[in-house]
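Welcome! Have a look at the sequence and the model below, and then work through the exercises at your own pace.

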Amino acid sequence: EKPGHNFTLNATFANVRAQDYDALVIPGGEQSIKTLSKNGRAVHYVRESFGHLKAIAATGEAVQLVNTAIQLPSVSVSTGDVNESYGVVTLKDVKPESLSEIVDLAKNSKGFFESFFYAVSQHRCWERELDGLSTMISY
């Protein structure tokens with residue numbers, strides 16, 4: 001936050017439903033993710049986003065939060081580079097150059113933002129429903 005640039009937070013995972021939004025983005029940050037991982041409502045929000053077929057993006061430490069929340073072997077997450085699986089776009093090893101690509105929305109894109117924006121543009125990840133994944137987690 002820059003001096004003189006204040007904002008008011010009017011919604012959190014605690015007072016809104018995941019179905020009200022088109023996507024979920026969870027940036028990494030060791031302390032933030034430790035805190036969120038211990039919060040059942042935060043974990044539920046990730047599950048709810050997945051169950052409602054929303055695009056999900058996570059970077060750094062947040063990749064483990066998403067993996068733990070979803071807990072489905074069919075859904076893979078990044079162990080380094082960008083990984084897209086059923087509309088879940090993850091990037092474990094975040095470097096400045098890994099987030100600086102020009103965005104070209106196309107299926108099977110390799111960049112983090114490209115993959116996530118494409119997933120969002122589809123409105124829902126219907127593959128999850130077709131493959132029965134959306135009903136395999138409790139939300």
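Here are some exercises on this structure, each with a worked solution.

This is a predicted model, in which local features need pLDDT of at least 70 and side-chain atom pairs count only at pLDDT 80 or more, while totals for chains, interfaces and linings use all residues. Residues are numbered from 1 along each chain as its sequence is written, and side-chain values use heavy atoms, with hydrogens and water left out.

**Exercise 1. The overall layout**

Find how many helices and strands the protein chain has, and in which order they run.

Solution. Start with the rule: helices (H or I, at least four residues) and strands (E, at least two) are DSSP runs, numbered from the N terminus. By that rule the protein chain has five helices and four strands. Next, walk along the protein chain from the N terminus, and the order reads β-α-α-β-α-β-β-α-α. For burial, the cut-offs are under 20% relative accessible area for buried, over 50% for exposed, and partly exposed in between (1.4 Å probe, protein chains only). Of the 139 residues in the protein chain, 37% count as buried. Finally, take contact to mean heavy atoms within 4.5 Å. Among the contacts between residues at least 6 apart in sequence, 63% join residues at least 24 apart.

**Exercise 2. Two helices that meet**

Work out how α2 and α3 are oriented to each other, and which residues make the contact.

Solution. First locate the helices: α2 covers residues 40-51, and α3 covers residues 62-70. Their axes come within 9 Å and cross at roughly 70°. Here axes are lines fitted to C-alpha atoms, for helices over the stretch in contact, and angles run from 0 to 180 degrees between N-to-C directions. Angles under 35 degrees count as roughly parallel, over 145 as roughly antiparallel, 65 to 115 as roughly perpendicular and the rest as oblique. Therefore α2 is roughly perpendicular to α3. On the α2 side, the contact is made by V43, V46, R47 and F50, and α3 brings L65, V66, T68, A69 and I70. Now sort these residues by class: Ala, Val, Leu, Ile, Met, Phe, Trp, Tyr, Cys and Pro count as nonpolar, Asp, Glu, Lys and Arg as charged, and the others, Gly among them, as polar. The contact then divides into seven nonpolar residues, one polar and one charged.

**Exercise 3. A pocket and its lining**

Describe the second largest pocket: what volume does it have, and which residues lie nearest its centre?

Solution. Begin with the meaning of the word: on a 1 Å grid over the protein atoms alone, a pocket is an open set of points where a 1.4 Å probe fits, with protein on both sides within 12 Å along at least five of seven lines, and lining residues have an atom within 4 Å of a point. Grid points are joined across faces, edges and corners, and a volume is the space filled by probe spheres set on the points. For the second largest pocket this gives about 330 Å³. Its lining has 16 residues, and F13, L24, V25, I26 and Y45 lie nearest the centre. At least two lining residues come from each of β1 (23-26), α1 (30-37) and α2. By class, the lining has 14 nonpolar residues, two polar and no charged ones.

**Exercise 4. Buried or exposed?**

Decide for E48, G60 and S85 whether each is buried or exposed, and list what each touches beyond four places in sequence.

Solution. Take E48 in helix α2: this residue is buried because its relative accessible area is 2%. E48 touches R17, A18, Q19 and Y139. Move on to G60, in the loop between β2 and α3, which is buried at 11%. The contacts of G60 are G28, L91, K92 and V94. K92 is 32 residues from G60 in sequence, yet the C-alpha atoms are 4.4 Å apart. Last comes S85 in strand β3, buried at 8% and in contact with S74, V75 and S76.

**Exercise 5. Positive phi angles**

Say where Y86 and H123 sit and what phi each has.

Solution. Y86 is in the loop between β3 (83-85) and β4 (88-91), and its phi is positive, about 55°, although Y86 is not a glycine. H123 lies in the loop between α4 (112-121) and α5 (126-130). Also not a glycine, H123 has a positive phi of about 70°. H123 counts as partly exposed because its relative accessibility is 44%.
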